[in-house]
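I opened this model to look up a few local features and write down what I found. The notes are in the order in which I took them.

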Amino acid sequence: MNLLDHSPTRWGDLLEAQGQPAYRGRQIAHWVFKRLTTDPYSMTNLPPAVRRLIEEGTLSLALPSLLSSESADDGTCKIALALADGPAIESVLIPRKGQMTLCLSTQAGCGIGCRFCRTASMGLIRNLTVSEILAQWIVAARQLGTSPNAPRIDHIVFMGMGEPLANLDALIPAIRALTHPDGVGLSPRRITVSTSGLVPRIEALGEANTGVRLAVSLCAPDDALRRTIMPLGRIYPIDQILEACRRFPLRNRDRITFEYVLLAGVNDSPEMARALGRLLAPFRSKVNIIPFNPFPGSPYARPSEADVVRFHEILGGLHITATVRKTMGPDVLAACGQLAREMESQKVLTGGDTP
Ligand code: SAH
Ligand code: SF4
């Protein structure tokens, strides 16, 4: 049993079930989430019997192993982890404007099949467990170091590999551990979950009352176009998505973010900008324009800077708040939609290229 698959609030019970005092659970949580160690022999206040429970895996703290960490020229750092059964996943640390954002994966691969996304080419390998989601935070936080001056992760976005709402069973407990004071202790308002538009799951996330922010990848102002770039649009049309967004619990002044991947000659015309503006006008929303990030074999092109600016200005003229997402880490393929590790993970499984 991996302790990280259970809420840190329950670790005391799990320790008691092994005949140990409950307060040991708190002590272990402190080592893991505040000191970033999972090695029982570094947990100096634990007696040998408790260390053995961890070491022998009765109450394991095993993490996926670090495959690589690559830093881009702009400071973005892409971290790859190998899951115990082979597949690899990626997370990205993004330093910007004095903030440190961590972009987390929720699935190995993704089964949604958006045409503009490199992760889609992997297909869905499997859902991640709670511990595999939290492990990404632990490993990334370790990369930043524990010295008092080291930068801390202050924002989390579920925008890595996979569709977070297709893995709600692990997503929600992971969010609870990230926000609970015995866990990471981050404010839920600093956590954003991005979805391709799984309507019933948007409602389920709202009902779970986690307090996190929602982002929806809209990417087209009408269903006909949306279906051609996002096959999920055939099941959940835009009006149903917007209705689910309307019901999503928002705090005062909060808004829902609509992501719009801008594809040259596909969804970047002035008419589309105006149609998007009309669609979102009745809404407390903001639009995040993401100029397409190309990847090997991708069928689309990135729009020109002038076309991005034009799209942005038309939305502004319609009083829609919009921002253009800066491309981070393109030189290490760490930007939105560029995460995919299928080949690398197979190398790990077979021990590399050696005969
Ligand atoms: N599965 C979720 C979250 C991961 S994708 C979702 O689809 O929302 C995070 C964001 O990257 C989404 O808004 C998605 O539309 C965008 N994206 C995917 N591929 C991209 C690409 N090649 N270039 C730019 N943005 C991309
Ligand atoms: Fe999956 Fe999101 Fe990529 Fe679509 S954009 S294939 S939902 S990860």
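The entries below cover a helix, a ligand site, backbone angles and several loop residues.

**Entry 1: model type.** I noted at the start that this is a predicted model.

**Entry 2: helix H5.** I checked the length of H5, which runs over residues 168-179 and has 12 residues. At 1.5 Å a residue the helix should span 16 Å, and I found its end C-alpha atoms 16 Å apart, so the two values agree. I then asked which residues of H5 are buried. They are Leu168, Ala170, Leu171, Ile172, Ala174, Ile175, Ala177 and Leu178. As background, I recalled that an α-helix has 3.6 residues a turn, so residues three or four places apart point the same way. Next I looked up what the buried residues of H5 pack against. The partners are two helices, H4 (130-144) and H6 (199-207), and two strands, S7 (155-158) and S8 (191-195).

**Entry 3: Ala166.** I stepped back along the chain to the loop between S7 and H5, where Ala166 is placed. With a relative accessible area of 29%, Ala166 is partly exposed, because that value falls between the 20% and 50% cut-offs. Leaving aside neighbours within four places in sequence, I listed the contacts of Ala166 as Gln107, Asn127, Leu198 and Arg201. I also took the C-alpha to C-alpha distance from Ala166 to Ser196, which is 9.9 Å for a pair 30 residues apart in sequence.

**Entry 4: ligand 2.** Ser196 came up again when I listed the residues around ligand 2. The others in that list are Cys110, Ile112, Gly113, Cys114, Cys117, Ala120, Gly162 and Glu163. Sorted by class, I have 5 nonpolar, 3 polar and 1 charged residues in this shell. I also looked up the space that ligand 2 takes, and it is the largest cavity.

**Entry 5: positive phi.** I kept in mind that most residues other than glycine have a negative phi. Lys97 is not a glycine, yet I read a positive phi of about 50° for it. Lys97 lies in the loop between strand S3 (88-96) and strand S4 (99-103). Is Lys97 buried or exposed? Its relative accessibility is 75%, so Lys97 counts as exposed. Cys219, also not a glycine, has a positive phi of about 65°. I placed Cys219 in the loop between strand S9 (213-217) and helix H7 (223-229). At 1% relative accessibility, Cys219 counts as buried.

**Entry 6: Met122.** I found Met122 in the loop that joins strand S5 (107-109) and strand S6 (124-127). The relative accessibility of Met122 is 7%, so I entered this residue as buried. Met122 and Ala62 are 60 residues apart in sequence, and I have them 26 Å apart in space, C-alpha to C-alpha.

**Entry 7: Pro296.** This residue is in the loop between strand S11 (285-291) and helix H10 (305-317). Pro296 has a relative accessible area of 63% and is therefore exposed. I also looked up the pair Pro296 and Gln338: 42 residues separate them in sequence and 9.4 Å in space, C-alpha to C-alpha.

**Entry 8: Leu318.** I moved on to the loop between H10 and strand S12 (322-324), where Leu318 lies. At 36% relative accessibility, Leu318 counts as partly exposed. What does Leu318 touch, not counting residues up to four places away in sequence? I found Ala273, Arg274 and Gly277. For Leu318 and Arg274, 44 residues apart along the chain, I noted a C-alpha separation of 7.7 Å.

How values were computed:
Residues are numbered from 1 along each chain as its sequence is written. Chains are lettered from A and ligands numbered from 1 in the order in which they are written. This is a predicted model: local features need pLDDT of at least 70, side-chain atom pairs count only at pLDDT 80 or more; totals for chains, interfaces and linings use all residues. Side-chain values use heavy atoms; hydrogens and water are left out. Helices (H or I, at least four residues) and strands (E, at least two) are DSSP runs, numbered from the N terminus. The expected span of a helix is 1.5 Å times one less than its number of residues. Buried means under 20% relative accessible area, exposed over 50%, partly exposed in between (1.4 Å probe, protein chains only). Contact means heavy atoms within 4.5 Å. A residue is near a molecule or strand if one of its heavy atoms lies within 4 Å of it. On a 1 Å grid over the protein atoms alone, a cavity is a set of points where a 1.4 Å probe fits but cannot get out, and a pocket is an open set with protein on both sides within 12 Å along at least five of seven lines; lining residues have an atom within 4 Å of a point. A molecule sits in a cavity or pocket if more than half of its atoms lie within 2 Å of its grid points. Ala, Val, Leu, Ile, Met, Phe, Trp, Tyr, Cys and Pro count as nonpolar, Asp, Glu, Lys and Arg as charged, and the others, Gly among them, as polar.
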